[in-house]
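Student: I am new to this structure. Please take one part of the chain and go through it closely, along with whatever it is attached to.

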Amino acid sequence: MTERVEASSRHTALGLTSALNATSTGLMPQRLHLIVALLLVADGAAYAAPCQFEAQGQGRVAAIVDARSVRLDDGREVRLAGMEATATTRQALTSLLVGRDVILRGTDDTPDRYGRQGALVFIGESDASVQTMLLTNGDALVSAEIAEKDCAAALMSAEAEARRQKKGSWADPSAIKNAESPDDILAGIGRFMVVEGKVLSVRQAGAMTYLNFGRNWTHGFAVTISKRTLPTLESAGATLKSLENRRIRVRGWVEGTTGPRIDVFRAGQVELLGANEPTGVRP
């Protein structure tokens with residue numbers, strides 16, 4: 001993005017120089033029109049936002065159904081794609097959206113089994129999605145369901161910035177769970193969590209691969225990856241065996257009985273952390 005902005009600035013500078021030289025010919029009106037046109041083009045290139053998928057409808061928000069869903073005035077229910085809720089999400093959504101006109105963007109408007117249309121939601125003509133606003137303020141977590149590379153990176157970046165600044169839910173030190181404390185993770189069974197820790201071993205059993213974070217496989221925290229998910233991870237450059245003895249951050253729904261686990265279905269659920277990197281800092 002920086003390179004595109006810099007290139008756009010250089011092209012604008014060259015264009016403006018040419019336009020200014022036109023003064024010597026007395027073509028002032030043409031010069032002014034050229035300057036305006038070049039500035040508009042440069043502005044569009046410099047500030048082109050990710051997640052600008054095809055528009056899939058619009059409407060006015062009549063009510064907040066829950067922390068991830070809203071109802072439009074025509075009766076449609078919309079699930080905010082790309083994010084999971086925190087304790088403050090619903091209140092933030094109420095402040096942002098009730099009574100506002102919105103545009104829905106996405107790659108598929110097929111309703112889910114609950115009849116909700118999944119979409120990125122934009123207030124009016126804003127370039128920033130509501131999801132990005134929530135993530136930037138620490139009022140939501142990235143779900144990693146958005147597959148498009150630039151959009152996924154933008155959402156993760158927004159969350160990372162809130163994490164660095166300890167905004168919203170990130171002000172709580174327990175917002176990121178320690179993989180070495182499986183009981184703390186198991187207490188949140190059925191919830192979407194972010195967990196960090198060192199992978200002690202990578203083991204395969206049948207069609208399932210396990211990333212084990214504890215030496216007691218029965219009670220320790222583990223990440224499970226099915227055989228059908230492997231191609232998705234490998235295409236993103238993730239070799240599971242290479243994660244052994246590496247620190248990672250993983251996000252997903254916590255399941256389990258004696259020991260907690262998170263099932264990984266998407267490459268975006270796993271982030272590799274630097275060896276000396278402070279907890280919770282890396283985008």
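Tutor: Cys51 and Cys151 form a disulfide, with their sulfur atoms 2.0 Å apart. The model is a predicted one, and a search of the whole structure finds 1 disulfide. A disulfide is a covalent bond between the sulfur atoms of two cysteines. Cys51 lies in the loop between α2 (28-46) and β1, while Cys151 belongs to helix α5, so the pair ties together parts that are 100 residues apart in sequence. The torsion about the S-S bond is about 100°, so this disulfide is right-handed.

Both ends of the bond are buried. Cys51 has a relative accessible area of 4%, and the value for Cys151 is 0%. Buried here means under 20% relative accessible area, so the 4% of Cys51 qualifies. The backbone of Cys51 has one further feature: its phi is near 65°, a positive value in a residue other than glycine.

The helix that holds Cys151 is the part to look at next. Helix α5 covers residues 149-164. At 1.5 Å a residue, its 16 residues should span 22 Å, and the end C-alpha atoms are 22 Å apart, so the expected span and the model agree. At the N-terminal end, Glu148 acts as a cap: one of its side-chain oxygens lies 3.3 Å from the backbone nitrogen of Asp150. Just after the helix, Lys166 takes a positive phi of about 55°.

Before α5 comes a loop that starts from β7 (140-142), and Ala144 lies in this loop. The phi of Ala144 is near 70°, again a positive value in a residue other than glycine. Ala144 counts as buried, because its relative accessibility is 12%.

Which residues of α5 are buried? They are Cys151, Leu155, Met156, Ala158, Glu159, Ala160, Ala162 and Arg163. What covers them includes the strands β6 (116-123), β7, β8 (176-178), β13 (247-256) and β15 (270-272), together with helix α4 (130-136).

Two residues in that buried list, Glu159 and Arg163, carry charged side chains that meet in a salt bridge, at 2.7 Å from N to O. Both lie in α5, 4 residues apart, about one turn of the helix. The pair also belongs to a wider arrangement, since a network of salt bridges links Glu159, Arg163, Glu196, Arg249, Arg251 and Glu271.

Arg251 is the member of that network to follow from here. This residue is found in strand β13, and at 0% relative accessibility it counts as buried. A polar contact of 2.8 Å joins its side chain to that of Glu159. The side chain of Arg251 also reaches the backbone oxygen of Val142, at 3.0 Å. Leaving out residues up to four places away in sequence, Arg251 touches several residues already named, including Val142, Ala144, Met156, Glu159, Arg163 and Glu271. Others that Arg251 touches include Phe192, Met193, Val194 and Ile262.

Salt bridges occur elsewhere too, and the whole structure has 16 of them. One of these joins the side chains of Glu84 and Arg68, at 3.3 Å from N to O. That pair links distant parts of the chain: Glu84 is in strand β4 (residues 83-85), Arg68 is in the loop between β1 (55-66) and β2 (69-72), and the two are 16 residues apart. Glu84 is buried, with a relative accessible area of 7%. Another salt bridge joins Glu244 and Lys241, whose closest N and O atoms are 3.5 Å apart. Glu244 is partly exposed, because its relative accessible area is 24%.

Finally, there are the nonpolar cores. In soluble globular proteins, nonpolar side chains tend to be buried together. The largest nonpolar core in this model has 30 residues, and those with the most contacts inside it are Leu80, Leu97, Val121, Val130 and Leu134. Strand β6 gives the most to this core, with 5 residues. β6 is also among the elements that cover the buried residues of α5. Leaving aside neighbours within four places in sequence, Val130 is in contact with Leu80, Leu93, Leu96, Leu97, Val121 and Ile123. A second, separate core of 20 residues includes Met193, Leu211, Leu230 and Leu240. Met193 is one of the residues that Arg251 touches.

Key. Residues are numbered from 1 along each chain as its sequence is written. This is a predicted model: local features need pLDDT of at least 70, side-chain atom pairs count only at pLDDT 80 or more; totals for chains, interfaces and linings use all residues. Side-chain values use heavy atoms; hydrogens and water are left out. A salt bridge is a side-chain nitrogen of Lys or Arg within 4 Å of a carboxyl oxygen of Asp or Glu. Buried means under 20% relative accessible area, exposed over 50%, partly exposed in between (1.4 Å probe, protein chains only). A disulfide is a pair of cysteine sulfur atoms within 2.5 Å. The expected span of a helix is 1.5 Å times one less than its number of residues. Contact means heavy atoms within 4.5 Å. A polar contact is a pair of N or O atoms within 3.5 Å; within protein, one must be able to donate a hydrogen and the other to accept it, and residues adjacent in sequence count only if both atoms are side-chain atoms. A nonpolar core is a set of buried Ala, Val, Leu, Ile, Met, Phe, Trp, Tyr and Cys residues joined through side-chain atoms within 4.5 Å.
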